[in-house]
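Open the structure in your viewer and keep the selection tool ready. The stops below say what to select next and what is there.

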Amino acid sequence: MGGGFSTFDHAAMRRALALAEMGLRTAHPNPRVGCVIAAGEQIIGEGWHERAGAPHAEAHALQQAGARARSATAYVTLEPCSHFGRTPPCANALVEAGVARVVYSVGDPDPRVNGSGAERLRAAGVIVEAGLLVAEATELNRGFFSRLQRGRPWVRVKMAQSLDGRTALANGESRWLTGPAARDDVHRWRAQCGAILTGVGTVTLDDPSLTVRIAGEPAPARQPLRVVVDSHLRLPATAKLLREPGETLIATTATPAAVDRFLAAAPSGAVITVERLPGDAAGRVDLAALLGQLARLGINDVWVEAGGKLVGALQAAGVVDEWLLYLAPLLLGQDARPLLALNGPPTLADATWLAPHDVRLFGPDVRIILRAGGQAPAVATTAGG
C-alpha cells in the first residue's frame, strides 16, 4: 500500500469519490467509480461511470484532459480494469495517454481484474499507489464487493415502526406510519438498489407497486428488479406490481406445472421470471439460494420491504447486513403487529446486537441505520457489587 499521500492527493480523491456518487442510481450492476486527472495540483480532467456499457470514469476524464494527461496523475476510486468487456481496458487507456502516476483507493475484486490492472500499469512504467480513502471507496460499493467476494448481494432491510415496536394494526393497516419525508427517503434508497424483495403476504395485503417514485423527479429509466418470495405460487394475477414498468422475479418451490399455470394467467405484456429454487423442510424458499441466484443475475444490493415473517426468516438465516428502521412518533398498543417474527434468545448474552451507523430526522420521523456485527455493551462493575 502506498503511504505519505499529500493534502492534494486526499482532496483529489475526495473529488473522485464525489463524482463516483453520481452513479449511485445508474451504474448498476457495475461499481460506482470516479476519476480525477491532475497536472501538478491543477485538475485537468474529471469523469464518472454512469451506466453499464457506457465509457468508464477514466475514459471520460482522459477525454477531458486530452494531451495534458501526459505525465499527469490519475486518481481513481477503484483499481483500473484490465480486461475487454463492453468497453476497452482503462489501464491500457491510461498507459496510452502517458499518465505518469495512478493513485487508486481499493482493488477491484472482479477476478478479471483483481490486481492485474495495477500490474499492467506498473509494467508500463507507471507509478501506482493504492490505499487512499479505502473506507470511503469501499462504502460506496458495498454491494459490488459483497457480490464478488461473498457470492451474494448486500441485504438492506427497511422497516417502519411505532415507538412501541409495532409495524401495523392487528388488522394489517399500516398506511401511513411515517410521513412524506421518510417515504421520499425510502424511494431514494430504492433507486440505488438492484432489486426490491418482498413476500407474497405483503403483496396480498398491501398490493404495493415497489417502484421508484421520487417527488419532483421524472420516472427513472431503470426500475429495480422486483423479487417476490412466493413458495407456493399464491401471487394473484391482479397484483399491481405485475403491471408496473420493469421486471418481476418470483422465487418459488412450486412444481413446473404450477409455474406453467401461473404464467398462463399472468397479465399480458408483464415481464415475469419464475425461479424454482430449493426449499426447506417446510417447502419454503431457501433464502440463501435465492440470494445466490440474484448475485448470478448481477444484483449488488437488495432492498427488503417485507412483513415480519420474511424479515425474521432473513435474519434467522444470517443474511441481513443492514437495517434502516424508521421510527414514527406514535403508539399502536400490544395488539398491533410486532416488528418481526424471530425466536428470542435464551439470555441477553445470546442476543443479536447491531452496530449503529447513522441517525437522522425526516420530518417527525427518526431513521436509524444499523449494521450486523454489533457488540453488547460492557458491564460496569463497582466495588462491593
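This tour of a predicted model goes from one strand and its partners to some backbone details.

**The strand.** Select residues 154-162, which form strand β6. How many residues of β6 are buried? The count is 9 of the 9, so the strand is largely enclosed by the rest of the structure.

Now show the side chains. In a regular strand the side chains alternate between the two faces of the sheet. In β6, W154, R156, K158, A160 and S162 point one way, while V155, V157, M159 and Q161 point the other way. Residues in both groups are buried.

**Its partners.** Add residues 301-304, strand β12, which pairs with β6 in the parallel sense over 4 bridges. Look for V155 of β6, which stands opposite V302 in β12. Then add residues 322-328, strand β13; this pairing with β6 is also parallel, with 7 bridges. Here V157 is opposite W323.

**Backbone details.** Most residues other than glycine have a negative phi, and most peptide bonds are trans. The next selections depart from that pattern.

- Select H28 and P29: the peptide bond from H28 to P29 is cis, with omega near 0°. P29 sits in the loop between α1 (7-20) and β1 (34-39).
- Select L133, in the loop between β5 (127-130) and α5 (134-140). Its phi is positive, near 60°. L133 has a relative accessible area of 10%, which means that it is buried, the cut-off being under 20%.
- Select D207, in the loop between α8 (200-206) and β9 (225-229). The phi of D207 is positive, near 50°. With 28% relative accessibility, D207 counts as partly exposed.

How values were computed. Residues are numbered from 1 along each chain as its sequence is written. This is a predicted model: local features need pLDDT of at least 70, side-chain atom pairs count only at pLDDT 80 or more; totals for chains, interfaces and linings use all residues. Side-chain values use heavy atoms; hydrogens and water are left out. Buried means under 20% relative accessible area, exposed over 50%, partly exposed in between (1.4 Å probe, protein chains only). Helices (H or I, at least four residues) and strands (E, at least two) are DSSP runs, numbered from the N terminus. Two strands pair if DSSP finds at least two bridges between them.
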